[in-house]
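Me: I have a model open and would like to go through its helix packing, its cysteines and a few single residues. Could we take these in turn?

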Amino acid sequence: MISNIHIKRFTPSPQLMKNLLLLTIIGSVVTVVGIVFVPQRTWASLLLANYYVLGIGVAAVVFMALLYVSNAGWATAIRRVPESMTAILPASGIVMLLTMLGIHSLYEWSHTDVVAGDHILREKTAWLNVPFFVIRTVIYIALWIGFAFTIVKLSRKQDENGEIKYTKRSKTASAIFLVVFGLTFTLASMDWIMSLEPHWYSTIFGIYNFCGSFLNGLAVITLIVLLLKRMGPFEHLLTEQHLHSLGKLIFAFSTFWMYIWFSQYMLIWYSNIPEEVTYMVNREKGSWLIFTIINVVFNWVIPFIALLPAWTKMREGFLLRVCIIVMIGHWIDLFWMILPPFMPDAPVLNVWELGPFLAAIAGFFYLTFKSLAKHNLIPVKDPMLVESLPHT
């Protein structure tokens with residue numbers, strides 16, 4: 001059976017690729033126009049969109065690393081999907097650096113005159129200053145791309161000769177990456193998102209962002225796997241057990257996200273410290289309260305109820321819809337975190353918010369499908385592959 005699988009390739013429709021490229025270009029043009037005419041809102045929306053897809057790429061590396069360090073073989077047959085999703089990292093890394101051009105539109109602490117008159121911001125200048133901020137951004141992105149490239153390269157080299165040494169090296173690289181990721185992603189979320197409101201802080205902001213990004217990454221992995229099944233390449237490969245395992249992960253991390261969300265909210269509400277409470281108060285004023293409720297509904301209520309029964313996790317159409325809801329939910333969550341300082345009265349959604357996201361998500365799928373088409377869809381010489389194949 002393995003000898004028959006290796007010839008399978010994914011060939012995306014040329015029309016699909018053209019459409020994705022066209023949407024990327026349209027979204028990029030809207031973004032450039034927005035930066036000229038509505039700079040503050042557009043820079044914030046660009047940060048949101050790029051952080052969204054950057055989180056998907058990093059989540060894909062985390063997923064692969066967890067498979068390696070836990071010696072899990074069940075997902076080996078679908079591992080090419082998260083491997084291809086890392087193709088977004090170089091592009092999103094470049095866009096994140098370009099977003100630094102709008103640093104003065106985004107970050108209050110980047111203005112020296114504001115810092116001079118604010119005691120709290122003056123105390124944070126050792127960390128929150130423009131040169132160090134940009135240097136840290138470069139370091140985060142370089143480390144993530146470096147580890148992603150290493151793990152994917154080792155996986156694909158194994159397809160050439162099947163030597164077990166590549167699996168061992170992948171496990172070592174994955175173990176190191178998980179440690180590095182835990183530190184860098186926490187700091188990155190604090191830098192890029194939490195410092196948008198520099199007077200506020202949360203000690204669990206990093207894990208909160210990890211939950212959201214990894215949950216979204218799991219949803220995207222599952223979505224692409226299901227699409228590949230419907231397109232044909234995974235038709236005889238994907239089993240109900242694969243779907244059930246992916247569904248369980250989405251269910252678990254959706255609940256974990258809610259646990260961290262509630263923990264952060266409860267502690268802020270209970271302590272009632274002005275520096276902390278303001279953050280939540282601003283997100284419960286007017287129509288922002290509706291947005292807050294929708295955030296919880298999309299990221300936890302719907303996935304929890306939908307995936308609670310075992311049978312729903314094994315229904316392709318059902319799981320596909322849940323994945324789309326989770327993906328929308330993560331966008332809502334990032335909007336909830338990023339945009340209130342720029343829209344204090346009410347959430348606003350029009351072309352300046354949608355343009356950057358359209359470019360980012362279309363570009364992500366374009367690069368992912370392009371990467372999938374370059375290599376075997378199955379790691380045919382991986383020693384754990386047999387464990388992941390259907391047994392007939």
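Reply: What follows is a short exchange about this structure, which is a predicted model.

Me: Let us start with helix 12 and helix 15. At what angle do their axes cross, and within what distance do they come?

Reply: Helix 12 covers residues 240–271 and helix 15 covers residues 316–338. Their axes cross at roughly 25 degrees and come within 11 Å. Since angles under 35 degrees count as roughly parallel, helix 12 is therefore roughly parallel to helix 15.

Me: Is that crossing left-handed or right-handed, and which residues make the contact?

Reply: The crossing of helix 12 and helix 15 is left-handed. On the helix 12 side, the contact is made by L243, G247, I250, W257 and W261. Helix 15 contributes E316, L319, C323, V326, D333 and W336. By class, this contact has eight nonpolar, one polar and two charged residues.

Me: C323 appears in that list. How many disulfides does the whole structure have?

Reply: A search of the whole structure finds zero disulfides.

Me: Why does C323 not form a bond with the closest cysteine sulfur?

Reply: The closest cysteine sulfur to that of C323 is in C211, and at 18 Å it is too far for a bond. The cut-off for a disulfide is 2.5 Å between the sulfur atoms. Seen from C211, the closest cysteine sulfur is the one in C323.

Me: Are these two cysteines buried or exposed?

Reply: C211 is buried, with a relative accessible area of 0%. C323 also counts as buried, at 0% relative accessibility.

Me: Now to another pair, helix 2 and helix 16. How do they pack?

Reply: Helix 2 (residues 14–37) and helix 16 (residues 351–372) pack at an angle of about 145 degrees, and their axes are 7 Å apart. Helix 2 passes helix 16 in a left-handed crossing.

Me: Which residues are involved, and what are their classes?

Reply: On helix 2, the residues in contact include L16, L20, T24, G27, T31 and G34. On helix 16, they include W352, P356, A359, G363, F365 and K370. By class, the contact has 16 nonpolar, seven polar and one charged residues.

Me: What does L46 touch, beyond residues up to four places away in sequence?

Reply: L46 touches T31, V95, T99 and P356. Of these, T31 and P356 also take part in the contact of helix 2 with helix 16. L46 lies in helix 3, residues 39–69, and is buried, with a relative accessible area of 12%.

Me: How far is L46 from L308?

Reply: The two residues, L46 and L308, are 262 residues apart in sequence, and their C-alpha atoms are 35 Å apart in space.

Me: And where is S84, and what is in contact with it?

Reply: S84 is in helix 4, residues 80–85. Leaving aside neighbours within four places in sequence, S84 is in contact with R156, T368, S371 and L372. S84 is buried, its relative accessible area being 1%.

Me: Last topic, backbone angles. What is the phi of N71, and what is that of N272?

Reply: N71 has a positive phi of about 60 degrees although it is not a glycine. For N272, phi is near 55 degrees, again a positive value in a residue other than glycine.

Me: Where are they found, and how accessible is each?

Reply: N71 lies in the loop between helix 3 and helix 4 and counts as partly exposed, at 43% relative accessibility. N272 is found in the loop between helix 12 and helix 13 and is exposed, with a relative accessible area of 54%.

Note on methods: Residues are numbered from 1 along each chain as its sequence is written. This is a predicted model: local features need pLDDT of at least 70, side-chain atom pairs count only at pLDDT 80 or more; totals for chains, interfaces and linings use all residues. Side-chain values use heavy atoms; hydrogens and water are left out. Axes are lines fitted to C-alpha atoms, for helices over the stretch in contact, and angles run from 0 to 180 degrees between N-to-C directions. Helices (H or I, at least four residues) and strands (E, at least two) are DSSP runs, numbered from the N terminus. Angles under 35 degrees count as roughly parallel, over 145 as roughly antiparallel, 65 to 115 as roughly perpendicular and the rest as oblique. A crossing is left-handed if the near helix is turned anticlockwise from the far one by less than a right angle, and right-handed if clockwise. Contact means heavy atoms within 4.5 Å. Ala, Val, Leu, Ile, Met, Phe, Trp, Tyr, Cys and Pro count as nonpolar, Asp, Glu, Lys and Arg as charged, and the others, Gly among them, as polar. Buried means under 20% relative accessible area, exposed over 50%, partly exposed in between (1.4 Å probe, protein chains only).
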